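Me: I have just opened this one and would like a walk through it. Could you start with the basics?
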Amino acid sequence: MATLTTEERIALAKYRIERAKTTLIEAVDNAGFGHWNLVANRLYYAVFHALNALIAIDGDAVKTHKGLISLIGLHYVNSGVIKTEDNKLIMRLFRMRQTADYDVYCDWNKEDVSPLIEKVKLLLDKIENISNQKIDNLS
C-alpha cells in the first residue's frame with residue numbers, strides 16, 4: 001500500500017466506506033429473513049470494510065483479520081480515537097463471525113444479533129467521521 005498516491009489512498013478509503021454501508025444494508029435485509037448467522041457475518045464485514053478505510057488512508061495494509069484488529073488497536077484504540085466500548089463491539093462481532101462461519105453447532109438468534117444492528121450503524125458513522133477528518137487533513 002505504500003506505493004499508492006495520496007489521491008489513490010483517499011479513493012480507496014471512500015470506496016471502503018461505501019462498501020461498509022452496502023454491507024450493512026445486506027445485514028439489515030437478511031435480518032428481515034431471520035438469517036441471523038448471515039446477519040452476524042455481514043455486520044462484522046461492514047465494520048471490517050470501514051476499518052480498512054482508516055488503514056488505507058494511513059497507507060498501511062494488513063493480510064489478516066487479526067492483523068487489522070491489532071493495527072486498529074495500536075493506532076486508534078490506544079490513542080482514544082476509537083473508544084474502548086467500540087473496540088469491544090468490534091471484537092464481539094469478530095468472534096460472532098468466526099463462530100457463525102466455522103462452528104458447526106452455531107446458530108445465532110434474533111436476541112443475540114438484532115440489537116447489534118443499531119450499534120454497528122453508530123460505529124460506522126463514527127468511523128466515517130474519523131475517515132473524513134483524516135481525508136480533510138490530507139487534502
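Reply: A helix here is a DSSP run of H or I with at least four residues, numbered from the N terminus. By that count, the elements of the protein run α-α-α-α-α from the N terminus on. Please keep in mind that this is a predicted model.

Me: How many strands does the protein have?
Reply: The protein has zero strands, alongside five helices. The radius of gyration is 15 Å, close to the 14 Å that the globule rule gives for 139 residues, so the protein is as compact as a globular protein of that length.

Me: And what box do the C-alpha atoms fill?
Reply: Taken along the principal axes, the box is roughly 45 × 25 × 25 Å. Within the protein, buried residues make up 43% of the 139 residues, and among contacts with a separation of 6 or more, 68% are between residues 24 or more positions apart.

Me: Switching to salt bridges, how many are there in the whole structure?
Reply: A search finds seven. One of them joins the side chains of K21 and E128, at 3.0 Å from N to O, and this pair links distant parts of the chain, since K21 is in helix α1 and E128 in helix α5, 107 residues apart.

Me: Are those two buried or exposed?
Reply: K21 counts as partly exposed at 32% relative accessibility, whereas E128 is buried, because its relative accessible area of 19% falls under the 20% cut-off.

Me: Which residue does K134 pair with?
Reply: K134 forms a salt bridge with D58, and their closest N and O atoms are 2.9 Å apart. K134 lies in helix α5 and D58 in helix α2 (residues 36-58), so the pair ties together parts that are 76 residues apart in sequence. Both ends are partly exposed, with K134 at 23% and D58 at 28%.

Me: What about R97 and D101, where do they lie?
Reply: Both lie in helix α4 (residues 84-102), four residues apart, which is about one turn of the helix. Their side chains meet in a salt bridge at 3.3 Å, N to O; R97 is buried, with a relative accessible area of 3%, while D101 is partly exposed at 36%. Elsewhere, salt bridges that share partners join E18, K21 and E128 into one network.

Me: Last topic: what is T23 in contact with?
Reply: Leaving aside neighbours within four places in sequence, T23 is in contact with R42, Y45, A46 and H49. T23 lies in helix α1 (residues 6-33) and counts as buried at 1% relative accessibility.

Methods: Residues are numbered from 1 along each chain as its sequence is written. This is a predicted model: local features need pLDDT of at least 70, side-chain atom pairs count only at pLDDT 80 or more; totals for chains, interfaces and linings use all residues. Side-chain values use heavy atoms; hydrogens and water are left out. Helices (H or I, at least four residues) and strands (E, at least two) are DSSP runs, numbered from the N terminus. The radius of gyration is taken over C-alpha atoms; the globule rule is 2.2 Å times the number of residues to the power 0.38. Buried means under 20% relative accessible area, exposed over 50%, partly exposed in between (1.4 Å probe, protein chains only). Contact means heavy atoms within 4.5 Å. A salt bridge is a side-chain nitrogen of Lys or Arg within 4 Å of a carboxyl oxygen of Asp or Glu.
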